[in-house]
Amino acid sequence: MKTNGNTVLITGGATGIGFALAQKLSKLGNKVIICGRREHKLNEAREKLPGLHTIRCDISNAADRKKLLEKISSDFSDINLLVNNAGIQRNIDFTKGLEDLEKNEDEIDINFKAQVYLSASIIPLMKRKDSAIINISSGLGFVPLASFPMYSATKAAMHSFSLSLRHQLKQKGIRVFEVVPPTVYDTELKGKPIEKAEWMSSSAEVADAVVEGIEADRYEIGIGASKPWITASREDLDKAFGNINH
Ligand SMILES: NC(=O)c1ccc[n+]([C@@H]2O[C@H](COP(=O)([O-])OP(=O)(O)OC[C@H]3O[C@@H](n4cnc5c(N)ncnc54)[C@H](OP(=O)(O)O)[C@@H]3O)[C@@H](O)[C@H]2O)c1
């Protein structure tokens, strides 16, 4: 897939991996639109990256999604690339019963349901023959971190959804990519950037790998420490589970 001349919507594109990808794709000559819930983060992103288009939208809210779709249809009708990137990550302790789960119901809505509904709504708008959907899942979709049980499960769901979507959309010529990053240290996923460890990647490294992967039409883009997991045996995945869950 070519990596210039596209019209791209990146959900959650004002920070972290989404913003790194917005920077990279803008530099390569793509029209980039980002969305997110916090207006000030969208404004900051636009200041850092002139030419960026921003739309305030909570993708887990159906009315917001409808407005986003109307704006895309009217102002960016040549859209040919959707990056399902927005996501949140929560600690949920099931020994407390429903307590944590009820406080964090939006995790399933944002990380999975919204991506599915947004994909379904944007597919009919993708009229160009070189169109694609890029789903940002996670190494934790292959090897769950038990303290983030719903996060890991939504990412496993995004992996499964990517396989089915790729199969269905083949007849329409729409490619479906899945990006599988390891822990990324310089994003807001954990509230603020975390201390860098040797097995982690930066958001710029993820953006570079995404561009390189879509250019090569590699549909599953494993990155850094997550890369071996996308082709690992069940035995190796179980071993990795033991290593990351003590
Ligand atoms: N960081 C990692 O270690 C890592 C590893 C593997 C995969 N990933 C995945 O990479 C993706 C990007 O995460 P990140 O690490 O770059 O974290 P981030 O900096 O927190 O980026 C997430 C973005 O999503 C937006 N967002 C959250 N909920 C939203 C909603 N309901 N509607 C619209 N936008 C929403 C946030 O902006 P607002 O709050 O303003 O809406 C934020 O800009 C996520 O899917 C994450 O699961 C991250």
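These are my notebook entries on the strands, helices and a few single residues of a predicted model.

**Entry 1. The sheet as a whole**

I began with the strand order. The model has 7 strands in an open sheet, ordered β3-β2-β1-β4-β5-β6-β7, and the pairing is parallel. Which strands stand at the edges? They are β3 and β7 (220-222); each has a single partner strand, so one side of each is left without a neighbour in the sheet. From one strand to the next I noted an average twist of 15°.

**Entry 2. Strand β1**

I looked up β1, residues 7-11, and checked its burial. Of its 5 residues, 5 are buried, so the rest of the structure largely encloses this strand. I then sorted the side chains by direction. T7, L9 and T11 point one way from β1, V8 and I10 point the other way, and all are buried. I add the general rule here: side chains in a regular strand alternate between the two faces of the sheet.

Next I took the neighbours of β1. With β2 it pairs in the parallel sense over 5 bridges. T7 has K31 of β2 as its bridge partner, and I10 stands opposite I34 of β2. With β4, residues 81-84, β1 pairs in the parallel sense over 3 bridges. On that side I found V8 opposite L81 of β4.

**Entry 3. Strand β2 and the crossovers**

Is β2 mostly covered or mostly open? Strand β2 spans residues 31-36, and 5 of its 6 residues are buried, which I enter as mostly covered. It pairs with β3, residues 53-56, in the parallel sense over 4 bridges. In this pair, the bridge partner of C35 is I55 of β3.

I followed the chain through the connections. From β2 it crosses through helix α2, residues 39-48, to β3, and this β-α-β crossover is right-handed. I also found a right-handed β-α-β unit made of β1, helix α1 (residues 16-27) and β2.

**Entry 4. Strands β4 and β5, and a helix on the sheet**

On the other side of β1 I moved from β4 to β5. Strand β5 covers residues 131-136 and pairs with β4 in the parallel sense over 4 bridges. N84 stands opposite N135 of β5. I then looked at what α3 does against the sheet. Helix α3 packs on the sheet and touches β1, β2 and β3; its direction makes about 150° with that of β3.

**Entry 5. Helix α3 against helix α5**

I used the usual description for a packed helix pair, namely the angle between the axes and the distance between them. Helix α3 is residues 62-75 and helix α5 is residues 106-122; their axes come within 11 Å and cross at roughly 30°. I therefore enter α3 as roughly parallel to α5, since angles under 35 degrees count as such. The crossing of α3 past α5 is right-handed. I listed the contact residues: R65, L68 and L69 from α3, with A114, Y117, L118, S121 and I122 from α5.

**Entry 6. Helix α5 against helix α6**

What is the angle between α5 and α6? They pack at about 15°, and their axes are 8 Å apart; α6 is residues 149-169. These two helices are therefore roughly parallel to each other. Here too I noted the hand: α5 passes α6 in a right-handed crossing. From α5 the contact uses E107, I108, N111, F112, Q115, V116 and S119. From α6 it uses M150, Y151, T154, A157, M158, F161 and L165.

**Entry 7. D217**

I looked up D217 for its backbone. It has a positive phi of about 50° although it is not a glycine. Where does D217 lie? I placed it in the loop between α7 (203-215) and β7. Its relative accessibility is 28%, so D217 counts as partly exposed, a label that applies between 20% and 50%.

**Entry 8. R234**

The last residue I checked was R234, which I found in helix α8, residues 234-244. Is R234 buried or exposed? Its relative accessibility is 63%, so R234 counts as exposed. I also took its separation from F142. The two are 92 residues apart in sequence and 10.0 Å apart in space, C-alpha to C-alpha.

Key
Residues are numbered from 1 along each chain as its sequence is written. This is a predicted model: local features need pLDDT of at least 70, side-chain atom pairs count only at pLDDT 80 or more; totals for chains, interfaces and linings use all residues. Side-chain values use heavy atoms; hydrogens and water are left out. Buried means under 20% relative accessible area, exposed over 50%, partly exposed in between (1.4 Å probe, protein chains only). Two strands pair if DSSP finds at least two bridges between them. A crossover is right-handed if, with the strands pointing away from the viewer, the path from the first strand over the helix to the second runs clockwise. Axes are lines fitted to C-alpha atoms, for helices over the stretch in contact, and angles run from 0 to 180 degrees between N-to-C directions. Angles under 35 degrees count as roughly parallel, over 145 as roughly antiparallel, 65 to 115 as roughly perpendicular and the rest as oblique. A crossing is left-handed if the near helix is turned anticlockwise from the far one by less than a right angle, and right-handed if clockwise. Contact means heavy atoms within 4.5 Å.
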